[in-house]
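Hi,

Here is the structure I promised to pass on. Have a look at it, and then read my notes below.

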Amino acid sequence: QVQLVESGGGLVQAGGSLRLSCAASGSIFSINAMGWYRQAPGKQRELVAIITRDDIINYLDSVKGRFTISRDNAKNQVYLQMNSLKPEDTAVYLCNVNGLYRNRLQYDVWGQGTQVTVSS
């Protein structure tokens, strides 16, 4: 099993910043992509940012220039620095990680989600 623990959500005023963290642990042989998704009430889940093991990064257009994703391979952690937050960024943010278990089978796991609320 692979477990993800997220932290860093909260309530912030528009224009403020938050940093999300996600730590992976368990029977990990390797990690490929690590990403952050978000889901607002009544809306579909959307990819916010993703980083591969080769450090290829993609962002949702609406967060480009404001959010930065990074990873620490030694710690099996991924981070999302969110600056210049807007009320429309309000959502539950979920971490997603995929890779190989120690038995070389593939995994694709989700964190429990962390609430980010941006007040106007």
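There is one disulfide in the structure, where a disulfide is a pair of cysteine sulfur atoms within 2.5 Å. It joins Cys22 to Cys95, with an S to S distance of 2.1 Å. The torsion about the S-S bond of Cys22 and Cys95 is about -85°, so this disulfide is left-handed. Cys22 sits in strand E3 and Cys95 in strand E9, so the pair ties together parts that are 73 residues apart in sequence. Cys22 is buried, with a relative accessible area of 0%, and Cys95 is buried, also at 0%. (Buried means under 20% relative accessible area, exposed over 50%, and partly exposed in between, with a 1.4 Å probe and protein chains only.)

Before you go further: this is a predicted model, in which local features need pLDDT of at least 70 and side-chain atom pairs count only at pLDDT 80 or more, while totals for chains, interfaces and linings use all residues. Residues are numbered from 1 along each chain as its sequence is written, and side-chain values use heavy atoms, with hydrogens and water left out.

Now the strands. The labels come from DSSP runs, numbered from the N terminus: helices (H or I) have at least four residues and strands (E) at least two. Two strands pair if DSSP finds at least two bridges between them.

One open sheet has four strands in the order E1-E3-E8-E7, with antiparallel pairing. Its edge strands are E1 (2-7) and E7 (67-72), each of which pairs on one side only. From one strand to the next, the twist averages 15°; for that, axes are lines fitted to C-alpha atoms (for helices over the stretch in contact), and angles run from 0 to 180 degrees between N-to-C directions. Strand E3 (residues 18-26) pairs with E8 in the antiparallel sense over six bridges, and the bridge partner of Leu18 in E8 is Met82.

Next, follow E4 (residues 28-39). Nine of its 12 residues are buried, so E4 is largely enclosed by the rest of the structure. E4 pairs with E9 in the antiparallel sense over nine bridges, and Gly35 stands opposite Asn96 in E9. E4 is also joined to strand E5 (residues 46-51) by five bridges, and the two run antiparallel. Here Trp36 has Ala49 in E5 as its bridge partner. E4 and E5 form a hairpin with six residues between them, and Gly42 in the turn has a positive phi of about 75°.

Trp36 comes up again in the core. A nonpolar core is a set of buried Ala, Val, Leu, Ile, Met, Phe, Trp, Tyr and Cys residues joined through side-chain atoms within 4.5 Å. The largest one has 31 residues, of which Trp36, Leu80, Met82 and Tyr93 touch the most other members. The largest share of this core, five residues, comes from E9. Leu80 is in strand E8 and is buried, with a relative accessible area of 0%. Not counting residues up to four places away in sequence, Leu80 touches ten residues' worth of surroundings that include Leu18, Trp36, Val48, Phe67 and Tyr93. Let me put that last sentence more plainly: among the residues Leu80 touches, on that basis, are Leu18, Trp36, Val48, Phe67 and Tyr93. Contact here means heavy atoms within 4.5 Å. With the same sequence neighbours left out (up to four places away), Tyr93 touches residues including Leu20, Trp36, Leu80 and Met82.

Asp89 is worth a look too. Asp89 lies in the loop between strand E8 (77-82) and strand E9 (91-101), and is buried, with a relative accessible area of 1%. Which side chain does the side chain of Asp89 meet in a polar contact? That of Arg66, at 2.8 Å. (A polar contact is a pair of N or O atoms within 3.5 Å; within protein, one must be able to donate a hydrogen and the other to accept it, and residues adjacent in sequence count only if both atoms are side-chain atoms.) A polar atom of the Asp89 side chain also lies 2.8 Å from the backbone nitrogen of Lys86.

Finally, two backbone details. Ser84 is in the loop between E8 and E9, is partly exposed at 40% relative accessible area, and has a positive phi near 50°. Asp55, in the loop between E5 and strand E6 (57-59), has a positive phi near 65°. Most residues other than glycine have a negative phi.

Cheers
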